[in-house]
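Dear colleague,

I am passing on the structure below, together with some notes on what was found in it. Please read the notes with the coordinates open beside you.

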Amino acid sequence: MKLLTALISTFILSACAATGVKVTDDQLSQFHEGQTTKQEVIAALGQPTTTMRNADGTTMVMYTYSEARTRASTFIPIVGAFAGGVDSRASTAVLTFDQNGVLKSTSTSASQYGTATGIAVDGGAPVTDQPRKP
């Protein structure tokens, strides 16, 4: 029984992966254009995943987050070859600062998509249930 529990726990933990910094709308709402500084944003959210300095002296910081969940059917012998895959979600928050390091604007994006594996790919045929619902 302990072995079965250990195997199930390993399966559950190996089915998910995440990377980056997830930024919520609530977190972004605490920043105000024309007032909040780059240092205040970094203090609140941590180091950005990407920083860009533009030719006009402005700076953009990006917080990108991505997670992937392997479909449970992927691990079922034989069935996984037909119905396997991964569902992924990603989000990006971009904050732009003027030459003095004061917030100019914010923008966000989010995406979700599914990836078929094995025979389900069917030579590049589109996955009919895209994007995947939570």
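In this predicted model, the secondary structure of the protein chain consists of four helices and five strands, and, read from the N terminus, these elements follow one another in the order α-β-α-α-β-β-α-β-β. Of the 134 residues in the protein chain, 26% are buried, while the accessible surface amounts to about 8,700 Å², with carbon and sulfur atoms contributing 58% of that area. If one considers the contacts in the chain with a separation of 6 or more, 54% of them come from residues that are 24 or more positions apart.

The strand pairing that I would look at next is that of β4 and β5. Strand β5 covers residues 103-116 and pairs with β4 in the antiparallel sense, over 13 bridges; one of the bridge partnerships joins Ser88 to Tyr113 in β5. The hairpin formed by β4 and β5 has five residues between the strands, and Gly101 in this hairpin adopts a positive phi near 80°.

Within β4, which spans residues 85-97, sits Ala93. Because its relative accessibility is 3%, Ala93 counts as buried, the cut-off for that class being under 20%. Leaving aside residues up to four places away in sequence, Ala93 touches Val23, Leu28, Val61, Met62, Tyr63, Ser107 and Thr108. A further relation concerns Tyr65, which is separated from Ala93 by 28 residues in sequence and by 8.9 Å in space, taken from C-alpha to C-alpha.

The other residue I went through is Thr58, which is found in the loop between β2 (50-53) and β3 (59-70). Is Thr58, placed in a loop, buried or exposed? With a relative accessibility of 4%, Thr58 counts as buried, and its side chain makes a polar contact with the side chain of Asp56, at 2.6 Å. When residues up to four places away in sequence are not counted, Thr58 touches Met52 and Arg53 as well as Thr96, Phe97, Asp98, Gln99 and Lys104. Among these neighbours, Thr96 and Phe97 fall within the residue range of β4, 85-97, and Lys104 falls within that of β5, 103-116.

With kind regards

Terms used
Residues numbered from 1 in each chain as written. Predicted model: local features only at pLDDT ≥ 70, side-chain atom pairs only at ≥ 80, totals over all residues. Heavy atoms only, no water. Helix = DSSP H or I, 4+ residues; strand = E, 2+ residues; numbered from the N terminus. Buried < 20%, exposed > 50% of the residue type's maximum accessible area, 1.4 Å probe, protein only. Polar contact = N/O pair within 3.5 Å; in protein donor to acceptor, adjacent residues only side chain to side chain. Contact = heavy atoms within 4.5 Å. Areas by Shrake-Rupley, 256 points an atom, 1.4 Å probe, with all protein chains shown as cover. Pairing = 2+ DSSP bridges.
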